[in-house]
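Have the sequence and the 3D view open side by side. We'll take a short walk through a few spots, one after another.

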Amino acid sequence: MPQNQFQRMMFALITVVITVHAYVFYSLYVVNGSYFLSIDGATSVIDGINRQGGVYAFGHYLPIWVIILIEFCLAYTLENVLGSPCSFKLACKVFNPAETHHMMFETAIICATVGLMCPAMSFLASIMYYPYYAGFSIVTLFANWLKLVCFNFPFAYFTQLFFIQPLVRTIFKAIFVRDGQSAAKSQQERQDAGETASASAANGIITVGREFCSGGAETAKKLAEKLGYKYVDKELIYQTASKLGMLPEYIEKLEERPTGYFDIPPHWIGASGWYADQAEHSMSDNMKIMNAQKKIIEDYAKESGVVIVGRTADQILKGYPNVLSVFFHADEEKRIRRCQDISDCSKEQARKAIHQVDRLRAEYYNSTTGGKWGAENTYDMYLDLGELGTDQAIAQIVEKVKQN
């Protein structure tokens with residue numbers, strides 16, 4: 001399954017390309033095939049379309065490739081704006097992804113996607129193929145839309161569930177498994193060539209905490225590139241999802257969020273915190289995610305040269321050799337301006353977002369580790385990105401790593 005935003009977009013692209021071609025075939029050959037064959041002299045559906053001068057759409061006769069291109073653009077936009085984000089939320093309203101078999105939950109997502117996309121695409125098609133030569137009527141448009149939904153929904157449901165989605169997943173795995181192997185090979189070649197900052201720096205582990213919109217994550221990524229370290233941030237979401245059998249979107253919604261009192265099983269009260277090894281079935285989803293991420297971070301600590309962002313990594317790896325904990329902060333006004341630049345929001349909205357995210361991070365950190373998030377004495381290095389800037393902050397950290 002997709003591991004990052006680029007892969008999600010590629011997954012959607014493959015899905016839409018196959019789906020649009022299947023629907024064009026269904027529409028031209030199955031639904032309207034007899035009409036095209038009835039055209040004088042037509043020996044096949046394609047011949048009938050050519051004799052007619054193309055496919056009637058938007059009041060004109062257009063070539064099939066233009067129809068496919070238009071439908072692809074419409075479907076890809078709807079898939080990314082409506083289908084993918086809303087289908088997951090709808091599935092979560094019916095099933096708990098942590099307690100439902102992943103095949104059942106994926107089936108629920110496919111059903112939700114068809115339930116959203118089929119009426120939406122059918123409505124656009126009813127506009128696209130409306131018989132404008134006969135005049136325009138809302139009633140006729142509505143009737144045509146219902147007719148298309150009735151024709152398309154059974155086809156959409158069964159092809160997506162039993163043909164298109166299995167095929168898309170097969171193609172996707174074939175592409176990105178090789179891509180991952182190539183990336184691993186390239187990384188190994190770079191390591192063999194000695195393209196790291198220094199031999200002594202290659203053994204370090206850097207944990208990064210950051211205030212929201214301080215630029216900490218971006219600085220951490222550039223730091224990793226500078227040192228030749230592995231950068232670990234969002235991939236933790238996908239690794240946790242794989243480990244727990246949950247969807248990445250669900251993990252992202254819950255991770256680094258404080259665990260409430262009523263989320264903690266009764267026998268945990270007074271125990272040794274979330275590090276305790278408890279029966280997995282008795283944990284809330286928050287607790288499962290925290291435990292899984294702790295184990296993944298500990299596995300990363302066995303590697304050489306890693307920068308880990310957030311997720312209380314500094315406390316999880318406290319006492320490990322060669323660990324440098326860093327916290328990035330910045331003046332609130334500078335963070336507000338950065339938030340506005342990124343999100344195109346008002347000053348008050350930016351201020352509210354900063355306070356909310358910082359509060360959640362602090363509550364999560366303080367409640368799960370017993371430490372104090374954002375306190376200068378909690379970290380080895382406490383750097384003001386607003387004053388230092390990215391390059392100077394990286395230079396100071398690199399120097400500290402070399403000293404260690």
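In this predicted model, helix 12, which covers residues 332–343, packs against helix 13 with about 110° between them and their axes 9 Å apart. Any angle from 65 to 115 degrees counts as roughly perpendicular, so helix 12 and helix 13 are roughly perpendicular to each other. If you want the handedness too, the crossing of helix 12 and helix 13 is right-handed.

Now look at the link between those two. Asp344 sits in the loop between helix 12 and helix 13, and its backbone is a bit unusual. Most residues other than glycine have a negative phi, yet Asp344 has a positive one of about 55° without being a glycine. Is Asp344 buried or exposed? The cut-off for exposed is over 50% relative accessible area, and Asp344 comes in at 72%, so Asp344 counts as exposed.

Thr312 makes a nice partner for that story. Its phi is near 55°, again a positive value in a residue other than glycine, and Thr312 lies in the loop between strand 5 (306–309) and helix 11. Here the surroundings are another matter: with a relative accessible area of 3%, Thr312 is buried.

Thr312 also takes us inside the protein. Rolling a probe the size of a water molecule over the atoms shows where empty space is left. The count comes to one cavity of 30 Å³ or more, and the largest cavity has a volume of about 130 Å³. Which residues lie nearest its centre? They are Gly209, Gly310, Arg311, Thr312 and Tyr365, out of a lining of 17 residues. Strand 3 (205–210), helix 11 (313–316), strand 6 (323–329) and helix 13 (347–369) each supply at least two residues of that lining, and strand 3 gives the most, with four. By type, the lining of the largest cavity divides into eight nonpolar, four polar and five charged residues.

For a last stop, go back along the chain to helix 3, residues 45–52, where Val45, Asp47, Gly48, Ile49 and Gln52 are buried. An α-helix has 3.6 residues a turn, so residues three or four places apart point the same way. Right after helix 3 comes Gly53, with a positive phi near 100°. Gly53 belongs to the loop between helix 3 and strand 1 (55–57), and at 46% relative accessible area Gly53 is partly exposed. Ten residues separate Gly53 from Pro63 in sequence, while their C-alpha atoms are 7.7 Å apart in space.

Terms used: Residues numbered from 1 in each chain as written. Predicted model: local features only at pLDDT ≥ 70, side-chain atom pairs only at ≥ 80, totals over all residues. Heavy atoms only, no water. 1 Å grid on protein atoms, 1.4 Å probe; cavity = no way out; pocket = protein on both sides within 12 Å on 5 of 7 lines; lining within 4 Å. Points joined across faces, edges and corners; volume = space filled by probe spheres on them. Nonpolar A, V, L, I, M, F, W, Y, C, P; charged D, E, K, R; others polar. Buried < 20%, exposed > 50% of the residue type's maximum accessible area, 1.4 Å probe, protein only. Axes fitted to C-alpha atoms, helices over the stretch in contact; angles between N-to-C directions. Parallel < 35°, antiparallel > 145°, perpendicular 65-115°, else oblique. Left-handed = near helix turned anticlockwise from the far one by under 90°.
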